[in-house]
Amino acid sequence: MTKNVAIVGWRGMVGSVLMQRMQEEGDLQKVNATLFSTSQKGQKNDFYPECTDTIGDSNNIEELKAMDIIITCQGGDYSKEIYPKLKAANWNGYWIDAASSFRMDEDATIILDPLNMDVIKTDIANGIKKFIGGNCTVSLMLMGLGGLFKEGLVENLVSHTYQAASGAGAAAMMELLKQSNDITSKIDFDAMEALNAEKFVSHMLNSNEINTEKFLAPLSYSLIPWIDSPMENGQTREEWKAMAEANKILRTKNPIAIDGTCVRVPNLRCHSQAFTIRLTKSVELKTIEEIIGSHNDWVEFVPNNKEETLKKLTPAYVSGTHRVPVGRVRKTNFGPLYLNAFSVGDQLLWGAAEPLRRMLMILLD
Ligand code: NAP
C-alpha cells in the first residue's frame, strides 16, 4: 500500500533542496506525500503538484499521526516538541530528521547509507524508528574518506574545516552577501590603490557599519574559527560532533579519535576540509588513491597537481552537485604513516538533504 508521508520544513533551506531532489528523482510519485507547515497550514498546495492538495498543520498531532513516515527539516526545537507528543499518542511510524536533537539517542540511527547501509538495515530490523541525518562536515568527511575507513586504515584523524555560511541557515547566507556588498559597493576600483582599499575594508570590518546579527562577527573578507556552542573540553560542539557522530555512523568497536578546528569561511554552500590522517599501517600512495577514489559513486580522486586541484578541488566545481572530490593526497613530513588530504562537498546535498530522501527510499524498499 502507498505510504503516507509528511514533509515538514519543506519551505526552509534544507527542505527546499530536499524537495528539489525528490522531484528530480521522482520520489514523490512513489508515496502519498503531504506538505506540513506551521505558517501555511490549511492553505492550498500551489507549490508541489506531486503532493496532496492541502497543506497540513505541523503542530497538529492528530494530522501527523495519520502518517506512516514523517520527514522533518523544521529544526531541533520542533523535533523535541513534536516527537514525544506523537509517541505519547501511540504513533509508531518512522521519523526522518535533519536536526541534530536526536542524533546521539540510543534509539536513533545516524543515516549515511553509502557508509552505513548495513547499520541502517540492522536497525530497521531491530525496530528503530528514528533515522537522523548526520552533521554536514561529518557526512562529507565520510563520503570523501569512506574507502580508508572501510579498509580499517584510519588510526586517527585531524580535520580542519572551511565551512560555508549556509550551514548557519538562509538568513546567514544573505548576511554574508550583504556584508560583501556593503563593503565592495563603496570601493572605487579605478581610483583606489590596493593598500588603501584594504585599509578601508579593515575599517568597515571593525565598524558598526555592516550587519553581523547572524554570525556575531564579520565573515566577509574574514573568517570565524568558532562554530556552535562551547564544550567543557575546549572544543566547540561542531568539533565534538566529528568524533562522536562519525563513530556512531560507522558503529566502530574501538572509537577512532577525530579532532580539529572548525572554521566558518566566506563561502556560500560548500564545506571544505583539510585532513591529516594517521594510518594504521603504511600503504603505497597509489593504493591509497585507488581506495579513496573507488569507495562510492560520488567521491572523485583528484591527482595532486596544480592544474587539477584548481579545476576540481574547489567549491566552484562542487556547488549544487553530489561530487565529493578528494585531493592533495600525499605522505607528510611526519613519516609514512601520515597522510595529507583535502576535500570539498556541497553541504546542502550530501551534508543535509540527500541522506534524508535516500532513507525514505530505503524504508519504501
Ligand atoms: P530554515 O531555512 O530556517 O527553515 C526552517 C523553517 O522556517 C521552514 O520550514 C519554515 O517553516 C520556517 N520559515 C519561516 N520563514 C521562512 C521563510 N521566509 N522561508 C522559508 N522558511 C521559513 O532552516 P534550515 O536551515 O533549512 O534548517 C532546518 C534543519 O536542518 C535545522 O534543524 C538545521 O539544524 C538542520 N540542518 C541544516 C543544515 C543547513 O545547512 N542549514 C544542514 C544540516 C542540517 P514553516 O513552513 O512552518 O513556516
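The crossing of helix 5 and helix 9 is right-handed, and it is a good place to start a tour of this predicted model. Helix 5 also gives the most residues to the lining of the largest cavity, so it is a handy guide through both topics below, counted as helices are by DSSP runs.

**Where helix 5 meets helix 9**

- The axes of helix 5 and helix 9 (residues 285–293) come within 7 Å of each other and cross at roughly 125°.
- The two helices are therefore oblique to each other.
- On the helix 5 side, the contact is made by G144, G147 and L148.
- Helix 9 brings I288, I291 and I292 to that contact.
- Sorted by class, the contact of helix 5 with helix 9 has 4 nonpolar and 2 polar residues, with no charged ones.

**The cavity**

- The structure holds 1 cavity of 30 Å³ or more.
- The volume of the largest cavity is about 70 Å³.
- Three elements give two or more residues to the lining of the largest cavity: helix 5 (136–150), strand 8 (154–163) and helix 8 (237–250).
- Helix 5 leads here, with 3 residues in the lining.
- If you would like to find the lining in the structure, look for T137, V138, M141, S159, T161, E239, A242, D259, G260, C262 and Q273.
- By class, the lining residues of the largest cavity divide into 5 polar, 4 nonpolar and 2 charged.

Terms used:
Residues numbered from 1 in each chain as written. Predicted model: local features only at pLDDT ≥ 70, side-chain atom pairs only at ≥ 80, totals over all residues. Heavy atoms only, no water. 1 Å grid on protein atoms, 1.4 Å probe; cavity = no way out; pocket = protein on both sides within 12 Å on 5 of 7 lines; lining within 4 Å. Points joined across faces, edges and corners; volume = space filled by probe spheres on them. Helix = DSSP H or I, 4+ residues; strand = E, 2+ residues; numbered from the N terminus. Nonpolar A, V, L, I, M, F, W, Y, C, P; charged D, E, K, R; others polar. Axes fitted to C-alpha atoms, helices over the stretch in contact; angles between N-to-C directions. Parallel < 35°, antiparallel > 145°, perpendicular 65-115°, else oblique. Left-handed = near helix turned anticlockwise from the far one by under 90°. Contact = heavy atoms within 4.5 Å.
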